[in-house]
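Thanks for making time this morning. I would like to walk you through one structure, so please have the sequence and the model open in front of you while I talk.

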Amino acid sequence: MTTQARFKAILLFGVPGSGKGTQGEVIGKFEHMCHLAMGDIFRSLDKQSDIGREFLSYSTKGLLVPDELTVRVWKAHVDGRVATGELTPERRLLLLDGIPRTTDQVELISAHVDVVRIVHFVIPDRTVLIKRLKGRALKGNRPDDANEDVIRERLRVYDESTAPVLSAYDTPLIAEVNADQSPLRVLRDLSDSLADYVPTTL
Ligand code: ADP
């Protein structure tokens with residue numbers, strides 16, 4: 001990314017387990033979209049590296065990685081994809097999943113992205129979330145999903161540090177989607193909430 005160019009971005013926002021990642025992966029298949037999940041970026045780091053170890057020291061406790069480090073890792077990842085020609089601000093609309101997660105991250109990332117839409121995946125029933133996260137732990141590489149205390153800590157951190165992110169953006173940018181529905185119905189509602197915001201020229 002050149003320093004002056006900012007990516008246009010759609011922010012997929014919601015509590016852990018609300019389905020942002022599942023939907024982001026589907027929508028990210030469109031040619032002009034690129035799904036960037038911060039948790040996946042962290043999990044792709046070498047676990048023996050300093051940053052990989054630092055990530056694990058937070059994530060295994062259900063805590064957020066410090067803001068500056070998070071945005072630095074995100075930017076390095078994006079720069080890497082720009083260098084390979086995979087991403088250009090003109091051709092790609094980023095689907096940000098899991099970043100920004102604090103109001104300080106909103107500030108730090110605003111130098112690099114212009115958020116054109118925020119979709120809030122709403123799922124008020126925490127028992128549904130806990131069940132989903134435990135189910136996800138069985139499928140893959142997510143030790144933070146296996147332990148109920150860690151899950152509860154992530155939900156607490158969400159309420160305390162991440163929920164306030166919404167108020168950092170203009171209300172008209174925000175759409176709410178009921179995430180407690182089948183994945184196809186969520187996809188339908190998500191598509192409706194995005195259709196007018198995705199430039200047809202992309
Ligand atoms: P989930 O949203 O289900 O908790 P993620 O895969 O998005 O899981 O993130 C896994 C972990 O990675 C988080 O618990 C946190 O430790 C770290 N992480 C991901 N995104 C961020 C972020 N924006 N800021 C700080 N830490 C993050």
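Let me start at T162, where a polar atom of the side chain lies 2.9 Å from the backbone oxygen of R101. Please keep in mind throughout that this is a predicted model. T162 lies in helix α8, and with a relative accessibility of 4% it counts as buried, because the cut-off for buried is under 20%. If we set aside the neighbours within four places in sequence, T162 is in contact with F13, L64, R101 and V157. The C-alpha atoms of T162 and I99 are 9.5 Å apart in space, although 63 residues separate the two in sequence.

I99 brings me to a detail of the backbone. Most peptide bonds are trans. The bond from I99 to P100, however, is cis in this model, with omega near 0°. P100 lies in the loop between β3 and α5, and T102 is found in that loop between β3 and α5 as well, with α5 covering 103-109.

So what does the side chain of T102 meet in a polar contact? The partner is the side chain of D67, and the contact is 2.9 Å. T102 has a relative accessibility of 10% and therefore counts as buried. Apart from residues within four places in sequence, T102 is in contact with L64, D67, S161 and V165.

S161, which appears in that list, lies in helix α8, spanning residues 148-162. Is S161 buried or partly exposed? It is partly exposed, because its relative accessible area is 23%, and buried would require a value under 20%. Not counting residues up to four places away in sequence, S161 touches L64, R101, T102 and T103. If you compare S161 with R142, you will find them 19 residues apart in sequence and 22 Å apart in space, C-alpha to C-alpha.

Let me turn to the ligand now. How many residues surround the ligand? There are 20, and the closest are L63, G98, R101, Q105 and R136, so R101, whose backbone oxygen we met beside the side chain of T162, is among the closest residues to the ligand. By class, the shell divides into 8 nonpolar, 5 polar and 7 charged residues.

Several polar side-chain atoms lie close to ligand atoms in distance terms that you can check on the screen. For Q105, an N or O atom in the side chain is 2.9 Å from a nitrogen atom of the ligand. For R43, a polar side-chain atom lies 2.9 Å from an oxygen atom of the ligand, and for R154 the corresponding distance to an oxygen atom of the ligand is 3.1 Å. Taken alone, the ligand exposes 540 Å², and the protein buries 96% of that area. The elements that give two or more residues to the shell are α2, at 38-43, and α3, at 50-59, and α2 gives the most, with 4 residues.

R154 and R136 also lead us to D145, which is found in helix α7, residues 143-146. The side chain of D145 makes a polar contact of 2.7 Å with the side chain of R136, and another, of 2.9 Å, with the side chain of R154. D145 has 0% relative accessibility, and therefore counts as buried. Leaving aside neighbours within four places in sequence, D145 is in contact with L133, K134, R136, A137, I151 and R154.

Finally, a few words on the strands. Strand β1, residues 7-14, is mostly covered, with 7 of its 8 residues buried. Which strands does β1 pair with? It runs parallel to β4, residues 113-122, and 8 bridges join the two, while with β3, residues 93-97, it pairs in the parallel sense over 5 bridges. L11 is a convenient residue for following both pairings, since it stands opposite I118 in β4 and has L96 as its bridge partner in β3.

If you look at one place again afterwards, I would suggest R101, because its backbone oxygen lies 2.9 Å from a polar side-chain atom of T162, while R101 is also listed with the residues closest to the ligand.

Conventions:
Residues are numbered from 1 along each chain as its sequence is written. This is a predicted model: local features need pLDDT of at least 70, side-chain atom pairs count only at pLDDT 80 or more; totals for chains, interfaces and linings use all residues. Side-chain values use heavy atoms; hydrogens and water are left out. A residue is near a molecule or strand if one of its heavy atoms lies within 4 Å of it. A polar contact is a pair of N or O atoms within 3.5 Å; within protein, one must be able to donate a hydrogen and the other to accept it, and residues adjacent in sequence count only if both atoms are side-chain atoms. Accessible areas come from the Shrake-Rupley method with a 1.4 Å probe; for residues, only the protein chains shown count as cover. Ala, Val, Leu, Ile, Met, Phe, Trp, Tyr, Cys and Pro count as nonpolar, Asp, Glu, Lys and Arg as charged, and the others, Gly among them, as polar. Buried means under 20% relative accessible area, exposed over 50%, partly exposed in between (1.4 Å probe, protein chains only). Contact means heavy atoms within 4.5 Å. Two strands pair if DSSP finds at least two bridges between them.
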